[in-house]
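Okay, thanks everyone, I'll keep this short. Let me put the sequence and the model up, and then we'll walk through it together.

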Amino acid sequence: VVAGYYSQEECDSFIANVIEYIEGYNDVNSMPFRVEISYGSVLIEEFDVGNLEYYMNISDNRMYKQKFKKKKDRVSGMY
């Protein structure tokens, strides 16, 4: 998702709402699996230098870091 004029609080709230929606879906879903997400986010100031690809790479790296942590936690029984 690319959105303009978000504060860190608004970004955190958006992510929390998406996670809450997915958890609600999982609570009522009778499928033998759960839907999960991993995400990465980066806030960009209006006059930051860099191109979209640069910021997408930062966000992507953060998402994969989270994804690998979830996988590690799941294997160790913590998730």
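Let's start with a small one: which residue just after α2 takes a positive phi? That's G77, with phi at about 85°. Keep in mind as we go that this is a predicted model.

Now let's step back to the overall picture. The protein has two helices and zero strands. Its radius of gyration is 15 Å, well over the 12 Å that the globule rule gives for 79 residues, so the protein is more spread out than a compact globule. If you box the C-alpha atoms along the principal axes, you get roughly 45 × 25 × 20 Å. And buried residues account for 13% of the 79 residues.

On to helix α2, which covers residues 52-76. With 25 residues at 1.5 Å a residue, α2 should span 36 Å, and the end C-alpha atoms are indeed 36 Å apart, so the two values agree. At the N-terminal end, N51 is the cap: one of its side-chain oxygens lies 3.1 Å from the backbone nitrogen of E53. Along α2, the buried residues are Y55, S59, M63, K70 and D73. F68 is also in α2, but F68 is exposed, because its relative accessible area is 54% and the cut-off for exposed is over 50%. The C-alpha atom of F68 is 9.4 Å from that of S38, and those two are 30 residues apart along the chain.

Next, charges. Side chains of opposite charge can pair when their charged atoms come close. How many salt bridges does the structure hold? Two. One is E36 with R74, where the closest N and O atoms are 2.7 Å apart. That pair links distant parts of the chain, with E36 in the loop between α1 and α2, R74 in helix α2, and their positions 38 residues apart. E36 is partly exposed at 36% relative accessible area, and R74 is partly exposed too, at 42%.

Then there's K69 with D73, also 2.7 Å, N to O. Both of these sit in helix α2, four residues apart, about one turn of the helix. So is D73 buried or exposed? Buried: its relative accessible area is 15%, and the cut-off is under 20%.

Last thing, the surface. Y21, Y25, M31, F33 and V35 make a nonpolar patch there, with about 530 Å² of accessible area together. M31 comes from the loop between α1 (8-28) and α2, and is partly exposed, at 43% relative accessible area.

That's my tour, happy to go back to any part.

Note on methods:
Residues are numbered from 1 along each chain as its sequence is written. This is a predicted model: local features need pLDDT of at least 70, side-chain atom pairs count only at pLDDT 80 or more; totals for chains, interfaces and linings use all residues. Side-chain values use heavy atoms; hydrogens and water are left out. The expected span of a helix is 1.5 Å times one less than its number of residues. Buried means under 20% relative accessible area, exposed over 50%, partly exposed in between (1.4 Å probe, protein chains only). A polar contact is a pair of N or O atoms within 3.5 Å; within protein, one must be able to donate a hydrogen and the other to accept it, and residues adjacent in sequence count only if both atoms are side-chain atoms. Patches are made of residues with over 30% relative accessible area and no salt bridge: like charges are joined within 9 Å, nonpolar side chains (Val, Leu, Ile, Met, Phe, Trp, Tyr) within 5 Å. Accessible areas come from the Shrake-Rupley method with a 1.4 Å probe; for residues, only the protein chains shown count as cover. A salt bridge is a side-chain nitrogen of Lys or Arg within 4 Å of a carboxyl oxygen of Asp or Glu. The radius of gyration is taken over C-alpha atoms; the globule rule is 2.2 Å times the number of residues to the power 0.38.
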